[in-house]
Amino acid sequence: MSKINKNILRGALLVSYVLIIALVIYAFGAIYSYLNTGADRSKMLHTEVKQIDQYLPEITWQPLTNEGRPMDAQTLTAIENDYLDGWFVRHVAYKTNTTIGIGDYYTESARQNLFNIIALNSENKTTVIGTTLEHHPTLEFFSEDGQLAVLTDNDVVEYKRLFKDNQLITEITEKSSYKITLLLEDGFWRVRHMVKIKSEPYTAQVTQPVSTTTINGINYYPQATPWAMFGDHFDADIIASDFELIQSTGLNSIRLFVPYEDFGKSDIDQNKLDQLITILDLAESANLKVMVTLFDFYGDYSVLNWTLTQRHAKTIIQALKDHKALAVWDIKNEPNLDFESRGTSLVTAWLAHMIDFVKAQDPNHAVTIGWSNAESATLLKDKLDLVSFHYYEDLEALDATFETLKSNITDKPIVITEYGMSSYHGFWNPFGNSEEGQAEYHKTIQSIFSEHDIQFMSWTLYDFGKIPKEVVGRLPWRQNAQKHFGFIDENGIRKPSFLFIANKKPSAQQH
Amino acid sequence: MSFKNLYISLISLLLLTSTVVFNTRNSDSTYTLLTIKSESIAGESISLKFAFTGDSEVLLYGSNSYGSILLEPEVNDKELIFILPEVMSNKSGVFNWKLQTTSHPISGHITIQPKSEIKAIESYLGPPSIEAGGTDYTMLVVIPTDDLDNPLADSTSVTIKHQFLTNAYASDVSTEHGFAFKNINSETKKGRILISSECLDLNSKEFDVNVLPAIPTDFKIASERIHNYADGNQITTFKTSLIKDRYDNTVSDGTFVTFFITNKAGYKSKTSGTTINGIARAKLLHPDFEDQWNIKAYVEGMANSNTIVLNYKQAISDFEVAFSEDNRTVTLGPIQSFMSQRVPDGLTVKLSIFKDGMLIHQLIKDTFNGMAEFYLDNDRYPKGVYDVELKTAGIVKSYKSINL
């Protein structure tokens, strides 16, 4: 008995000894690694300066004809940066009713004006969430010693949302002109005086609607890389052969998606943009037209973010707007799904603004929004050239839905830019549709399309092996359903539905 | 299907009722603007009056140069009165407003003029120093403001005054974009310009700008030395003439002058000095052997002098050398200078030692009391036959085949 006790005692002693030694070693290790933190030589010199784009309104300087000292490009850039930062801190200040950052961009007397308004607004529980979208400054004067600049900022397009007690009271879009005196203090160009000289409500110029050719098409992702076709996985050969296949079925167009964050937000990844251009080149050689859907997976909409989305759209549009394969700009896929989480008015306001912006950048191509249902499709219809919606509901209701929509939208073409049926039936959905059911669905819908002369784009060419969680979430019954919307299955075998991919009967034989 | 119809009817009912509610709230409410004033002066109180029927709970959006607000009305019988807070009515510029009714929004704007009385003149003057000659100038920028810190209206007259030497000047300029400016050119004389401005009987304080002399023109140089012997001990001083710019202003103190000296062998030395009252001085030690110096001075990139020539006579004609018995101690001197006086301490003596025609070492010593002594160590120079050469003050003496 005592022997066992002794052994237990020995064991315990041994274990505690090992434990103490381990703790001591750990403590030394921790102290050593603590003393070594911050010793990274690359960080010592602060050589890496990360600048994040926060605010990028469109700014166009008038040609320099200023009085005083001739202006140089470097100083003008410094003035532009600080002046726009001044607007940015002002927007942030009115949004939060705090004064952070104001001191850097407004002189001591000028900042008082902002403080007074902030005090008044916070007392009245008013918040103003605003941004400026366009600036057209003219440099009037630059002093001989380079310390004072005067500019007239013409036609500043301002968008504001005013809240009282967190209730949206109004949205204002106005176009104002300002006279601004800036002083160079402590290395900052600070606003000394700001006088609004003109202000009027702003409405974007109404443009003539752009017509498009009849769209009979399909939403396209390569089979191996759905929702991830750009970047390292980009494969032009696969895309080219897919386009040939699509073209051979009698379809004339495809719908593509440009993911907002993946493309680099305001700072577009040139490599991915080049890949997008390559896809359009391939589409052109396959004689297909392309509907480019911008802002895929964008969901922020916050007003201070608008200028960044503007820059994103501008870069893409400028790169593609003269491309022969381009047919339609789809502003965003199913934005109405964000109404609940982001607020209908905010999302609609962003869409309305983005339509105007896209049209201003490229007046020659039609603009649409891919609404997720027919009910939303009347929104912003006057601004769009093409009304498009997605239809995944019961086919029996399609006639009625389409006719109702048509009676509301008489002067614009209507396109169903997504429809389709999953042929998944298995563990997660034992009562799902078979491939024959899917074929029946496509046969029926094609006959409805023919009957009502409806333009269409189906979802989608292929069954997919893996669906990113951002698309339909992680739930297996959703994931699995989404995997089987294709006309061609995972093994490359054409499903029965392939016969009904277009109006024209394509060959059922494999190539 | 029946569910669907039920939903449709429910939704349409909801829509219908909301439209009805919508209508009752607004069709009864009418608002008419009573104030017709579209101009105001900063600091005056501004109120907007509306006659109304129906709903009195409306807000007014207002925005001026610096920001936006929402205003609640004071309801007075059948009038809505919006009194602008001072933060809005005190600042010049356009104040635009919009009455937040859902049906027929009324909007408008009031142009708020700055006061016509002045409170302050903000002056910005620069650069603070300019060059004489009439082409360089300084600029005065003036921003006159009222007591609410609004820049005064454009076309306000500002008098800009300046005084230089015996003259005083005044000129009128008008404000544009909220400021006025004037370039003030220098004259041909150096000095200080005093500048001030006046606007609506308010005078600014005094500012000054230094007018510095323009760049120097060519000048002459001279030298001073107490004798012309190359004794390696005395100092020659170089001196410029009074350096002036082309307008006859003495150049600024501290103008940097470099003297370049080229000797007979073509070697160059330089020495430099800065001007005080237009004259720069620089010094250099005499050579210790007979030589001729050519000296030219430069204010680099701007002006230069004539070239002067200085001759230095040989001060030491000869020296004596004595070897000790074992030849390991070599003694020079006493070395005598031009009056047969012993040379001042510090004259450099160089001993070169050759073995089989190859230089193996050089020893350098300074004289002390006119003498110099070298010891050729046994360890450094083992027994053998050496050649020894001694050199000082440009005189060389050679001793062949010395047995050590």
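Which residues have the most contacts inside the largest nonpolar core? In this predicted model, that core has 98 residues, and those with the most contacts inside it are F243(A), L276(A), I316(A), W329(A) and F389(A). The points below look first at the nonpolar cores, then at one buried threonine, and finally at a sheet in chain B.

**Nonpolar cores**
- Helix α10 of chain A, which covers residues 344-361, supplies the largest share of the 98-residue core, namely ten residues.
- Both domain 1 (58-201) and domain 2 (216-500) of chain A contribute to this core, each with at least three residues.
- A second, separate core has 60 residues, and among them are V89(A) and L151(A) as well as V58(B) and W97(B).
- Setting aside residues up to four places away in sequence, L276(A) touches F230(A), L256(A), V258(A), F263(A), I316(A) and L320(A).

**A buried threonine in chain B**
- T159(B) lies in strand β13 of chain B, which spans residues 157-164.
- This residue counts as buried because its relative accessibility is 18%, and the cut-off for buried is under 20%.
- The side chain of T159(B) makes a polar contact of 2.9 Å with the side chain of D172(B).
- Apart from neighbours within four places in sequence, T159(B) is in contact with residues including A170(B), S171(B), S196(B) and E198(B).

**A sheet in chain B**
- Eight strands of chain B form an open sheet with mixed pairing, in the order β19-β21-β24-β23-β22-β25-β26-β20.
- Its edge strands are β19 (221-224) and β20 (229-230), each of which pairs on one side only.
- β19(B) pairs with β21 of chain B (residues 235-240) in the antiparallel sense over four bridges, and I221(B) stands opposite T240(B) in β21(B).

Definitions and conventions. Residues are numbered from 1 along each chain as its sequence is written. Chains are lettered from A and ligands numbered from 1 in the order in which they are written. This is a predicted model: local features need pLDDT of at least 70, side-chain atom pairs count only at pLDDT 80 or more; totals for chains, interfaces and linings use all residues. Side-chain values use heavy atoms; hydrogens and water are left out. A nonpolar core is a set of buried Ala, Val, Leu, Ile, Met, Phe, Trp, Tyr and Cys residues joined through side-chain atoms within 4.5 Å. Buried means under 20% relative accessible area, exposed over 50%, partly exposed in between (1.4 Å probe, protein chains only). Helices (H or I, at least four residues) and strands (E, at least two) are DSSP runs, numbered from the N terminus. Domain bounds come from an automatic or database domain assignment. Contact means heavy atoms within 4.5 Å. A polar contact is a pair of N or O atoms within 3.5 Å; within protein, one must be able to donate a hydrogen and the other to accept it, and residues adjacent in sequence count only if both atoms are side-chain atoms. Two strands pair if DSSP finds at least two bridges between them.
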